[in-house]
Amino acid sequence: MSSLYEQLGGQPAVDAAVDIFYRKVLSDDRISDFFEGVDMDRQIGKQKAFLTMAFGGPHNYTGQDMRNGHAHLVARGLNDSHFDAVAENLSATLQELGVTQDLIDQVMAIAGSTRNDVLGR
Amino acid sequence: MAVLTYGGAAYEAAPGETVLEALLRQGVEVANSCRAGACQSCLLRAACGTVPPVAQKGLKATLVEQGYFLSCVCRVESDLALEPAGGLEMQGRIVGLERLTETVLRVQLETAAPLEYRAGQYVTLCREDGLARSYSLASLPGDGTLELHVRRAPQGRMSGWLFDEARADDAVHLRGPAGDCFYVGGAAEQPLLLAGTGTGLAPLVGICRDAIAQEHSGPIRLFHGAVRPAGLYLREELAALARETANFTYTPVVLEGGEGEGIATGALDKVIAGAHPKLGGWRGFICGDPGTVGVLRKKLFLAGMASREIFADAFVEAPR
């Protein structure tokens, strides 16, 4: 049985997903304010690292990284509704790429596991 | 056993080890994060030696061309000479100074030896006393002289000197070139969009001419924005280039005062969106003040341009 990352298509799948995902996030009025003024190249690098992790791929993330990385956003009011909006965009991205529901569910479970760290709880 | 040279020292890399692992193991500090070839924190440049294609996957073509690679996924196959970035200093002299507008000066330079560069990259110009500022190159290597467009910055020390005191034959030094905002061949039919404000036109003109010289066959669309018509420059030259080049167009854009002058009026991003609402499959070059570059980059991306097809150079002004 190959890994989730392999089933999704590995690094090329991350490359294919990142623009679609980030475009959805930037266009989503519920969360776009959090991305106002950020450096796009750096942000896309971070989104790739995040997607690689959510796809079950190799990564170096720790819960503490997630906390530190989002603390300034939590201070600006980042909450469950925003986390849900990002998750929704991720799910829609995978659907757009024709990923099967079974694999989408696995990705969403990994992404969902970061909720408390992202929201600093 | 392959040898890595970095910062003047040599390090051994064990078989199967990545460049990043080898350097970290031997106490060399290299920025890194995901260690999965994704986040690009660990970017290094191979000045000498060959890196496997997998270590350059996902990088912009301009970075690949210059030998940049991701050290975390680069398993060492042979010796490599590594460097973080940079270049060398070169002796040069001013050969031409021409006012294009009240606030834009065309500066032409010669160097002791030919500078290897790509149109659209930038150099750091250093005066004899050490004062240094960076400017983009509007020329092509085949032009013989280097061309910079210098905007007179309020109380600017370098621009003030160039406008008011510098003379032909004055000696200067140059560092560089640097920057990854330039044209790379290989997709001759891809439509190109170039947009900028102020002296952001300098690299864009260089990139357009470079693309045309490399026989780019797809549409090349240049937009130059200014507040008022007086802020536009090179209009005659660019209109002439458009007349003699079937696939190139030039659109000057101002916020006010352009009526009846053959100039589009409106915000630069809105004028572009009106002309080109969908940009999937396009390549984009954006240069000028950081605010405009940030807005345009996002608008082009949201209009469908792939992030890795967007090349931007934001001109950050030196503190006074």
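1. Let's start in the core of this predicted model. The largest nonpolar core has 52 residues, and Phe50(A), Leu51(A) and Phe55(A) are those with the most contacts inside it. Helix H2 of chain A, residues 10-27, gives this core its largest share, 8 residues. As background for your reading, nonpolar side chains tend to be buried together in soluble globular proteins.

2. Which residues does Phe55(A) touch, once residues up to four places away in sequence are not counted? They are Leu4(A), Tyr5(A), Leu8(A), Ala13(A), Val14(A), Ala17(A), Leu94(A) and Val107(A). If you have the model open, Phe55(A) is a handy residue to click on, with Leu94(A) and Val107(A) among its partners.

3. There is also a second, separate core, made of 24 residues. Tyr6(B), Phe69(B), Cys74(B) and Leu82(B) are included in that second core.

4. Now for chain A as a whole. Chain A has 7 helices and 0 strands, and its elements read α-α-α-α-α-α-α from the N terminus on. The radius of gyration of chain A is 14 Å, close to the 14 Å that the globule rule gives for 121 residues, so chain A is as compact as a globular protein of that length. Taken along the principal axes, the box filled by the C-alpha atoms of chain A is roughly 40 × 30 × 25 Å.

5. A few totals fill in the picture of chain A. Buried residues account for 45% of its 121 residues. Of the contacts in chain A with a separation of 6 or more, 74% involve residues 24 or more positions apart. Its accessible surface is about 5,900 Å², and carbon and sulfur atoms hold 51% of that surface. On the charge side, chain A carries 10 positive and 17 negative side chains, with the centres of the two sets 5 Å apart.

6. One polar residue in chain A deserves a look: is Gln43(A) buried or exposed? Gln43(A) counts as buried, at 13% relative accessibility. You will find Gln43(A) in helix H3, residues 40-54 of chain A. Not counting residues up to four places away in sequence, Gln43(A) touches Tyr22(A), Phe35(A) and Val38(A).

7. Chain B brings in strands: it has 7 helices and 17 strands. Its radius of gyration is 21 Å, close to the 20 Å that the globule rule gives for 320 residues, so chain B is as compact as a globular protein of that length. The C-alpha atoms of chain B fill a box of roughly 70 × 50 × 35 Å along the principal axes.

8. The totals for chain B can be read in the same order. Of its 320 residues, 49% are buried. Among contacts between residues at least 6 apart in sequence, 66% join residues at least 24 apart. The accessible surface of chain B comes to about 14,300 Å², with 50% belonging to carbon and sulfur atoms. Chain B has 30 positive and 36 negative side chains, and 6 Å lies between the centres of the two sets.

9. Turning to single residues in chain B, His224(B) sits in strand S13, residues 220-226. His224(B) is buried, with a relative accessible area of 0%. Leaving out residues up to four places away in sequence, its contacts include Gly196(B), Thr197(B), Leu201(B), Tyr233(B), Tyr250(B) and Pro252(B).

10. Ser136(B) belongs to strand S9, residues 132-136 of chain B, and is buried at 6% relative accessibility. Not counting residues up to four places away in sequence, Ser136(B) touches residues including Tyr122(B), Glu147(B), His149(B), Asp313(B) and Phe315(B). How many residues along the chain separate Ser136(B) and Gly179(B)? They are 43 residues apart along the chain, while their C-alpha atoms are separated by 9.0 Å.

11. Last comes Phe311(B), in strand S17, residues 310-314 of chain B. At 4% relative accessibility, Phe311(B) counts as buried. Its C-alpha atom is separated by 4.8 Å from that of Phe285(B), which is 26 residues away along the chain. Phe285(B) is also one of its contacts beyond four places in sequence, along with Lys60(B), Thr62(B), Asp180(B), Cys181(B), Arg283(B), Gly284(B) and Ile286(B).

Notes:
Residues are numbered from 1 along each chain as its sequence is written. Chains are lettered from A and ligands numbered from 1 in the order in which they are written. This is a predicted model: local features need pLDDT of at least 70, side-chain atom pairs count only at pLDDT 80 or more; totals for chains, interfaces and linings use all residues. Side-chain values use heavy atoms; hydrogens and water are left out. Helices (H or I, at least four residues) and strands (E, at least two) are DSSP runs, numbered from the N terminus. The radius of gyration is taken over C-alpha atoms; the globule rule is 2.2 Å times the number of residues to the power 0.38. Buried means under 20% relative accessible area, exposed over 50%, partly exposed in between (1.4 Å probe, protein chains only). Contact means heavy atoms within 4.5 Å. Accessible areas come from the Shrake-Rupley method with a 1.4 Å probe; for residues, only the protein chains shown count as cover. Lys and Arg count as positive and Asp and Glu as negative; His and the chain ends are not counted. The place of a charge is taken as NZ of Lys, CZ of Arg, CG of Asp or CD of Glu. A nonpolar core is a set of buried Ala, Val, Leu, Ile, Met, Phe, Trp, Tyr and Cys residues joined through side-chain atoms within 4.5 Å.
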